[in-house]
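Consider how the parts of this chain are arranged around one another. The following paragraphs lead through the structure, beginning with a term on which the description depends.

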Amino acid sequence: MPNAQIGVYGLGTMGSALALNMAEHGFDVAVTNREVEWIGPFVEDAGVLGARIHPHDTLENFVQGLVTPRVILFMIPSGAPMDAMIEAVTPLLAPGDTIIDGGNANFHDTRRRAATLNEHDIHFVGMGVSGGEKGARFGPSMMVGGSAHSWQQLRPILREIAARFEGDPCVDHLGPDGAGHFVKTVHNGIEYADMQMIAEVYGLMRHGKALAPAEIGKIFEQWNEGALRSYLVEITGKALQYDDPETGHPMVDVIKDAAGQKGTGRWTVVEAVRMGQAANTIEAAVGARSWSSEKATRQAAEEILGGTCLALDLSRETLADAFLAARILAYAQGFRILDAAAQEYDWPLDFSRIAEIWRAGCIIRSALLDDISEAFQGELPAGQLILAPRFAQLLASSIPALREVVSGAVKGGHAVPALSAALAWYDTMRQGHGTANIIQAQRDFFGYHGFERLGQEGKHHGPWWD
Ligand SMILES: NC(=O)C1=CN([C@@H]2O[C@H](COP(=O)(O)OP(=O)(O)OC[C@H]3O[C@@H](n4cnc5c(N)ncnc54)[C@H](OP(=O)(O)O)[C@@H]3O)[C@@H](O)[C@H]2O)C=CC1
Ligand SMILES: O=C(CO)[C@H](O)[C@H](O)COP(=O)(O)O
């Protein structure tokens, strides 16, 4: 007898936490996993919540255990495994059923899968989930892309299990097919930039001001009480104050300085460039992760080129203001990419709502998102977040600090790729008259590409062709 309102396939970190979250909110959840030996221990560990969890050890039984129209959430790696699972489950489903991919999928795959399943009248939802394991268990932020039909099916469950910001559930239907996964991808792009900027500011305090990790941790802790309040600042402050139980050294000192990446940051940059955007702060963060993984090369280079960095005379207030300015610019770049995608794919993205559903549960939740949401509700000059009165004012007061930090870092030989990229973008955008006239002259000179003249229509060529 089918009795589960939703099925969760994939009892790894995220799937098991989401299943427990749903059970805790009173939903009956069918569960299964590729390696079935994990299912029993999962249900045992669920304790009293186990009463609402219905384990199955075959895909057929799992599907049959769901009330119709069925809703199945897959929390598995989103590439080939997702395609294989769609192929396996589709013959077991009926028109009107919904498959959700809650993993970090490439939105192009999501669009393709949605179109294919649509031919069988099966709905495919690409759902970005943020918040890590704790978020999934106690309230994630969720970005849903799919049909109105599937949103009707999902809405009651997702609004219950989502994180709440002042009572407002951090989940919404953002558009069709790939919209949810695209928004999650850009969320992660902003996440990369924020993490990199935090790492750079940490580096300046550690190597430019010779502060110990725990002291820096305390500074982040204080910053988390003010305008920089955010989950990433909070956890950085905490992480910096841990010691390694094995050696007694600060924990950060025993972690290899080579950052992993699974693809979402890179996709953000690729899509931005493809749509004629340049999210250089996010790009700098992705690039910095790649450079970080070249540990052996960097070690060899330090021997040959010298790794000396000079001491810096920067106050913690200046560093905080610089980080605030750069953080605003990174968010602004993320929203520009979302705007470009809304136009390219005809998605009705509501930027204010997106900022709202990022205010709790997700990795980039921060004090700024309230202001961002409000800014998108008003008139934005030229559609740009940085020109909203609130942000123009915040930038006016914080950019001098970013300038001081970047110039000090550059003089002292400290690498600040994301902070300096943010400043370069700001300085480019505030010039109504730039230097691309030279690029156009060069292009015409070597390739007869032509250029527009100021105040004149049409294509022109330079006197170098006469
Ligand atoms: N961890 C995080 O913070 C976040 C992760 N995500 C995304 O959520 C998804 C799941 O991540 P997470 O829970 O961390 O991963 P885990 O590695 O903890 O779990 C992976 C799950 O996928 C299953 N799986 C792996 N390969 C296959 C396959 N070929 N066919 C069927 N099932 C398979 C595993 O089954 P088995 O037990 O049999 O190996 C396991 O249940 C990923 O797409 C990830 O990008 C999204 C947001 C945050
Ligand atoms: O989606 C997430 C957070 O929002 C995941 O934790 C993701 O794995 C982070 O990306 P990466 O592994 O590339 O750092």
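Helices here are DSSP runs of H or I with at least four residues, and they are numbered from the N terminus. In this predicted model, H187 is placed in helix α8 by that criterion.

Helix α8 is a suitable point of entry. The helix comprises residues 179–208, and its axis comes within 10 Å of the axis of helix α14, residues 316–345, with a crossing of roughly 160°. Because of this angle, α8 is roughly antiparallel to α14. The crossing of the two helices is right-handed. On the α8 side, the contact is made by F182, V183, V186, G189, I190, A193, D194, M197, V201, L204 and M205; on the α14 side, the partners are L319, F323, A326, R327, A330, Y331, G334, I337, L338 and A341. By residue class, the contact of α8 with α14 consists of 17 nonpolar, 2 polar and 2 charged residues. A general property of helices is useful when reading such lists: an α-helix has 3.6 residues a turn, so residues three or four places apart point the same way.

Helix α8 also carries annotated positions. Which residues does UniProt list under "active site"? The record, an unreviewed entry, gives K184 and E191. K184 belongs to α8, and this residue counts as buried because 29 C-beta neighbours lie inside 10 Å. Apart from neighbours within four places in sequence, K184 is in contact with N104, G128, S130 and M143. E191 is likewise located in helix α8. Is E191 buried or exposed? With 24 other C-beta atoms within 10 Å, E191 is buried. Its contacts, not counting residues up to four places away in sequence, are I363 and I364.

The same unreviewed UniProt entry applies the annotation "binding site" to N104, S130, G131, G132, H187, N188, Y192, K262, R289, R443 and H449. These positions span 346 residues in sequence, and the farthest two C-alpha atoms are 49.7 Å apart, so they do not all gather at one spot. Two of the annotated residues, H187 and N188, are in helix α8. H187 counts as buried, since it has 24 C-beta neighbours inside 10 Å. Leaving out residues up to four places away in sequence, H187 touches G128, S130, W358, C362 and I364. N188 is buried as well, with 26 other C-beta atoms within 10 Å. With the same sequence neighbours excluded, N188 touches T264, G265 and T268.

Those contacts of N188 lead to helix α11. The buried residues of α11 are T264, G265, R266, W267, T268, V269, E271 and A272; with 8 of its 11 residues buried, α11 is mostly covered. Against which helices do the buried residues of α11 pack? They pack against α8, α12 and α14.

Beyond α11, the chain reaches G276, which follows the helix and has a positive phi near 80°. Q277 lies in the loop between α11 (264–274) and α12 (280–292). Q277 is partly exposed, because 17 other C-beta atoms lie within 10 Å. Setting aside its neighbours within four places in sequence, Q277 is in contact with A272, R336, I337 and A340. One of these, I337, is also listed in the contact of α14 with α8. As for the separation from Q5, 272 residues apart along the chain, the C-alpha atoms of Q277 and Q5 are separated by 42 Å.

Some backbone details complete the picture. A210, which is not a glycine, has a positive phi of about 55°. The residue is placed in the loop between α8 and α9 (213–223), and it is exposed, with 10 other C-beta atoms within 10 Å. D346 also has a positive phi, near 60°, in a residue other than glycine. D346 is found in the loop between α14 and α15 (351–357) and is exposed, with 9 other C-beta atoms within 10 Å. Elsewhere, the peptide bond from T68 to P69 is cis, with omega near -10°. P69 is situated in the loop between α3 (59–64) and β4 (71–74).

Note on methods: Residues numbered from 1 in each chain as written. Chains lettered and ligands numbered in written order. Predicted model: local features only at pLDDT ≥ 70, side-chain atom pairs only at ≥ 80, totals over all residues. Axes fitted to C-alpha atoms, helices over the stretch in contact; angles between N-to-C directions. Parallel < 35°, antiparallel > 145°, perpendicular 65-115°, else oblique. Left-handed = near helix turned anticlockwise from the far one by under 90°. Contact = placed C-beta atoms within 7 Å. Nonpolar A, V, L, I, M, F, W, Y, C, P; charged D, E, K, R; others polar. UniProt positions renumbered as here; feature names shortened; annotations may be inferred. Buried ≥ 20, exposed ≤ 12 C-beta atoms within 10 Å, placed from the backbone.
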